[in-house]
Amino acid sequence: MAETKKLYFEDTYLIEFDARVIEKREIEGRPAIVLDRTAFYPEAGGQSCDRGTINGVSVLHVVEDGETIIHVLERTIEADTVHGRIDWPRRFDRMQQHSGQHILSQAFYEVVKGTTLSFHIGDEVSTLEIGVPKISDPDLDKVEARANAVLFENREIKTYFVPEDKIGTVPLRKPPKKEGRIRVVEVSGFDYSACGGTHCRRAGEIGLIKVTKADRIRNNLRFEFVCGGRALRDFQDKNRTVRQAAAFFSVADRDIAATIGKSLAEIKALKKKVRKLEERIASYEVREIIHGAQGKVIQAVFEDKSPEEVRFLAVQIIHRAELIVLFGAHGDNQSHLILAAAEGLGLDVRTFIPAISAVIQVRGGGSPSLVELVTTEKGNLGPALEAARKSLE
Ligand SMILES: [Zn+2]
């Protein structure tokens with residue numbers, strides 16, 4: 001199979017190159033080409049691939065097939081010699097995240113003896129799974145401080161190949177997965193990793209490393225982290241959010257969490273108070289309704305009460321007086337019919353259902369003393385209740 005010379009191994013800052021087309025293929029219905037040499041990094045080793053153009057045609061995806069690098073294109077290229085151009089902001093972002101990941105992994109090992117079990121550098125989110133069941137905030141702060149100290153020292157990041165029989169002399173953080181010649185990425189004197197990824201020349205280019213989230217996964221911790229430009233954007237977003245929240249409450253940034261906690265407790269207490277007041281008002285209403293009752297049946301459709309409030313009223317009424325209640329109320333999507341009768345009357349309100357069903361379509365049911373029906377025919381509650389009352393006569 002055609003072997004591609006990997007220019008990104010020699011120089012990760014090379015963004016333009018010339019090459020010969022040595023093979024044409026089709027991948028997932030898209031045209032694809034193999035070149036004799038390429039600066040396009042494929043999706044490999046936990047790092048997403050480069051994008052860019054070849055002869056002005058968009059490179060959608062870059063995949064690895066053994067020693068062959070395949071460029072999936074937006075449309076076919078007829079030429080035999082081509083000019084490639086790497087999307088540099090995307091490449092540099094991946095370099096910042098990947099070099100940052102190596103340093104963060106070593107910092108986790110140094111501070112809490114946590115080994116890196118897996119990592120992923122995605123287009124949006126990068127993650128690192130570390131073999132520790134938990135970590136304290138002060139320890140996580142120490143990990144970040146250690147990692148960023150390496151950036152502040154602006155240590156050199158070197159890449160070199162080591163023959164298989166000499167690899168034992170390199171203090172690798174993890175044993176290599178591949179056999180044969182191993183590519184080592186060394187953050188000078190700090191971390192040695194077997195890695196085929198694209199990296200910055202110096203740690204200072206990473207700018208900043210920040211862990212943004214920790215989740216429990218299996219018996220380990222999975223961290224989300226951001227480096228470089230992503231760290232800046234993350235800080236900008238969060239700073240804006242914090243300032244907006246602080247402005248709502250007119251408090252200092254650091255007091256927001258406590259202020260929100262206090263406000264939520266106040267809302268909870270107020271809701272409880274409102275509920276008690278509503279119950280008190282309802283008990284007055286119940287008295288008034290009972291007082292105004294003419295005959296054994298009270299019939300009403302409430303326009304300004306929720307079905308819950310009306311049900312509460314109905315139950316209170318039949319507990320206090322030997323009455324039959326035929327109420328209607330409107331919910332958000334449906335209207336409710338609430339039928340209730342004092343137990344002393346020996347009446348089964350379910351016997352009203354056929355008369356109501358003859359007027360409107362309803363669903364629901366209940367006990368001999370309380371029935372709740374729902375309907376989408378909002379306008380016919382009155383006639384339906386009237387039919388129920390008539391069936392009693
Ligand atoms: Zn790596």
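Contact here means heavy atoms within 4.5 Å. Keep that in mind for the helix stops, where we look at what covers a buried side. One more thing before you start clicking: this is a predicted model.

**Stop 1: the whole chain**

Start zoomed out, with a cartoon view. The protein chain has 8 helices and 20 strands. Its radius of gyration is 36 Å, well over the 21 Å that the globule rule gives for 393 residues, so the chain is more spread out than a compact globule. Turn it around and you'll see a C-alpha trace that spans about 100 × 55 × 40 Å along its principal axes.

Now switch on a surface. About 21400 Å² of the protein chain is accessible, and carbon and sulfur atoms own 51% of that. Of the 393 residues, 40% are buried. As for contacts with a separation of 6 or more, 61% of them join residues 24 or more positions apart.

**Stop 2: two distances to draw**

Select D65, which sits in strand β6. D65 is partly exposed, with a relative accessible area of 31%. Draw a C-alpha to C-alpha line from D65 to L337: the two are 68 Å apart in space and 272 residues apart in sequence.

Next, pick R25 in strand β2 (residues 16-27). R25 is partly exposed too, at a relative accessible area of 24%. Draw the C-alpha line from R25 to T76, and you get 10.0 Å, with their positions 51 residues apart in sequence.

**Stop 3: the zinc ion**

Select the zinc ion and show the side chains around it. Which protein atoms are its donors? They are NE2 of H98, NE2 of H102 and SG of C195, at 2.1 to 2.3 Å from the zinc ion. Along the chain, the donors follow the spacing H-x3-H-x92-C.

Zoom in on the two histidines. H98 and H102 are 4 residues apart in helix α2, so about one helical turn separates them. As general background, an α-helix has 3.6 residues a turn, so residues three or four places apart point the same way. Are H98 and H102 buried or exposed? Both are buried.

**Stop 4: helix α3**

Move to helix α3, residues 137-152. Its 16 residues reach 22 Å from the first C-alpha to the last, close to the 22 Å expected at 1.5 Å a residue. Color the buried residues of α3: L140, V143, E144, A147, N148, V150 and L151. They cover an arc of only 145° around the axis, which puts them on the same side of α3.

What covers that buried side? Elements in contact with the buried residues of α3 include α2, β12 (182-187), β14 (209-217) and β15 (220-227). Now look at the face of α3 turned away from the buried side, where you'll find the exposed residues P138 and F152.

Step just past the end of α3 to N154, which takes a positive phi of about 55°.

**Stop 5: two more positive phi values**

Most residues other than glycine have a negative phi. Against that background, have a look at K113, whose phi is near 55°. K113 lies in the loop between α2 (88-112) and β9 (116-121). K113 counts as exposed because its relative accessible area is 54%, and the cut-off is over 50%.

Then select N55, with a positive phi near 50°. You'll find N55 in the loop between β5 (52-54) and β6 (57-65). N55 is partly exposed, at a relative accessible area of 36%.

**Stop 6: helix α6**

Finish at helix α6, residues 307-320. At 1.5 Å a residue, its 14 residues should span 20 Å, and the end C-alpha atoms are 20 Å apart, which agrees. Show side chains for P307, V310, L313, A314, I317 and I318, which are buried in α6. They cover an arc of only 120° around the axis, which puts them on the same side of α6.

To see the cover over these buried residues, add the neighbors of α6. They include α5 (256-292), β16 (297-302), β17 (324-330), β18 (335-341) and β20 (370-375).

Definitions and conventions:
Residues numbered from 1 in each chain as written. Predicted model: local features only at pLDDT ≥ 70, side-chain atom pairs only at ≥ 80, totals over all residues. Heavy atoms only, no water. Expected span 1.5 Å × (residues − 1). Buried < 20%, exposed > 50% of the residue type's maximum accessible area, 1.4 Å probe, protein only. Arc of directions from axis to C-beta. Rg over C-alpha atoms; globule rule 2.2 N^0.38 Å. Areas by Shrake-Rupley, 256 points an atom, 1.4 Å probe, with all protein chains shown as cover. Donors = N, O, S within 2.8 Å, 3.2 Å for Na, K, Ca; no water.
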